[in-house]
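Student: I have a protein chain open on the screen and would like to work through it step by step. Where should we begin?

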Amino acid sequence: MINLSSLRDHPFSYPILRTESLIKPDSYNKLKKNWPKFNQFKTTNGGQLHRNNLELKTNNENYKKIHPLFRNLYDELNSIEFRNFLKTKFDLEDAKNNKEYIGDFDKSELVMHIAESKDGYENPWHVDERCRIIHFLIYFGDETIKEGGELAIGQHKKLNSYLNYKKYPEIKNLEKIEYIKPEDNKGVFILSQNNSYHKGCNLKGLRRFIYAGYTSKRKAWKTNGWNISIPFPVRLKQEKSQ
């Protein structure tokens with residue numbers, strides 16, 4: 001189902017893999033055709049406005065109830081083969097030696113959100129929680145998007161130590177910004193190191209996508225004074241006033 005050979009390094013200040021065709025075309029079209037009806041599942045907004053997530057974990061209620069194609073996708077993304085591919089591509093040994101990585105990828109849990117975001121959705125510049133090792137997005141088309149909805153990635157001013165980056169950056173410290181459009185079958189994988197700043201841009205319309213992360217039960221990255229107490233909506237207001 002996954003087109004491994006399509007994943008390529010995307011040159012940036014932190015490790016990113018990117019593809020325009022993550023899932024083999026026939027499987028992708030079937031997944032899109034069988035996109036779930038969210039009112040038939042348990043969902044959560046994950047503390048974000050204008051977003052709804054259908055959460056899949058191994059053998060949870062949604063996993064058992066979802067269309068088999070989505071179970072197959074989850075299982076393949078969670079397979080030893082695919083995990084080993086990511087582990088090699090993202091060079092977790094280097095991350096352990098040089099980037100304050102202290103996690104155990106082999107014991108991490110894949111948490112996958114089949115998601116929809118709607119008019120007004122936006123989140124602030126941030127790095128994911130420090131239990132996240134690798135996270136990724138898969139987009140399911142842009143025909144229902146009127147405007148926006150891109151993934152923005154930001155290069156932060158280099159600090160003396162990976163320990164010193166914070167969850168939320170000061171906008172003035174982002175030296176380079178790129179925007180990735182949410183197009184059919186596009187996949188973006190990010191090593192969630194302490195400077196992997198990104199955001200979901202303001203959206204008009206409806207964006208269908210998968211967001212997922214390989215997540216540790218414990219902290220996976222060493223930090224110093226990591227600020228985690230401000231909710232996304234509050235931080236977004238602060239950010240817009242900068």
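The questions below go from the whole chain to single residues.

Student: How many helices and strands are there in the chain?
Tutor: Keep in mind that this is a predicted model. Counting along the chain gives two kinds of element, helices and strands. The totals are six helices and twelve strands.

Student: Which radius of gyration does the chain have, and what does the globule rule give for 242 residues?
Tutor: The C-alpha trace spans about 50 × 40 × 30 Å along its principal axes. The chain is as compact as a globular protein of its length, because its radius of gyration is close to the value from the globule rule. The two values are 17 Å for the chain and 18 Å for the rule.

Student: What percentage of the 242 residues count as buried?
Tutor: A residue is buried if its relative accessible area is under 20%. The accessible surface of the chain comes to about 11700 Å², and 46% of that belongs to carbon and sulfur atoms. Of the 242 residues, the part that counts as buried is 51%.

Student: Is Asp-91 buried, partly exposed or exposed?
Tutor: Asp-91 lies in the loop between α4 (80-89) and α5 (92-98). Its relative accessible area is 40%. Buried means under 20% and exposed means over 50%, so Asp-91 is partly exposed.

Student: How many aromatic pairs does a search of the whole structure find, and what are the values for Trp-35 and Phe-140?
Tutor: The search finds 15 aromatic pairs. A pair of aromatic rings is described by the distance of the centres and the angle of the planes. Trp-35 and Phe-140 form a tilted pair, with values of 5.0 Å centre to centre and 50 degrees between the planes.

Student: How many residues apart are Trp-35 and Phe-140 along the chain?
Tutor: Trp-35 is in the loop between α1 (25-33) and β3 (51-56), and Phe-140 is in the loop between β5 (132-139) and β6 (145-148). Trp-35 counts as buried at 13% relative accessibility, and Phe-140 counts as buried at 4%. The pair links distant parts of the chain, and the separation is 105 residues.

Student: Which residue of the pair Tyr-162 and Tyr-165 is buried?
Tutor: These two tyrosines form a tilted aromatic pair, 6.0 Å centre to centre. Tyr-162 has a relative accessible area of 23%, so Tyr-162 is partly exposed. With a value of 4%, the buried residue is Tyr-165.

Student: The charged end of which residue sits over the ring of Phe-105?
Tutor: Phe-105 belongs to an aromatic cluster that includes Phe-82 and Tyr-214. A charged end sits over the Phe-105 ring, 5.2 Å from its centre. That charged end belongs to Arg-83.

Student: Why are the buried residues of α6 on the same side, and what is the arc?
Tutor: The buried residues of α6 (residues 232-240) are Phe-232, Arg-235, Leu-236 and Glu-239. An α-helix has 3.6 residues a turn, so residues three or four places apart point the same way. What covers the buried residues of α6 includes β10 (197-200). They are on the same side because they cover an arc of only 105 degrees.

Student: What is the distance in space between Leu-137 and Pro-182?
Tutor: Leu-137 lies in strand β5 and is buried, with a relative accessible area of 8%. Beyond its neighbours within four places in sequence, its contacts include Leu-151, Val-188 and Phe-209. Leu-137 and Pro-182 are 45 residues apart in sequence, and their C-alpha to C-alpha distance is 9.3 Å.

Technical notes. Residues numbered from 1 in each chain as written. Predicted model: local features only at pLDDT ≥ 70, side-chain atom pairs only at ≥ 80, totals over all residues. Heavy atoms only, no water. Helix = DSSP H or I, 4+ residues; strand = E, 2+ residues; numbered from the N terminus. Buried < 20%, exposed > 50% of the residue type's maximum accessible area, 1.4 Å probe, protein only. Phe/Tyr/Trp six-rings, centres within 6.5 Å; stacked < 30°, edge-to-face > 60°. Lys NZ or Arg CZ within 6 Å of the ring centre and 35° of its normal. Arc of directions from axis to C-beta. Contact = heavy atoms within 4.5 Å. Rg over C-alpha atoms; globule rule 2.2 N^0.38 Å. Areas by Shrake-Rupley, 256 points an atom, 1.4 Å probe, with all protein chains shown as cover.
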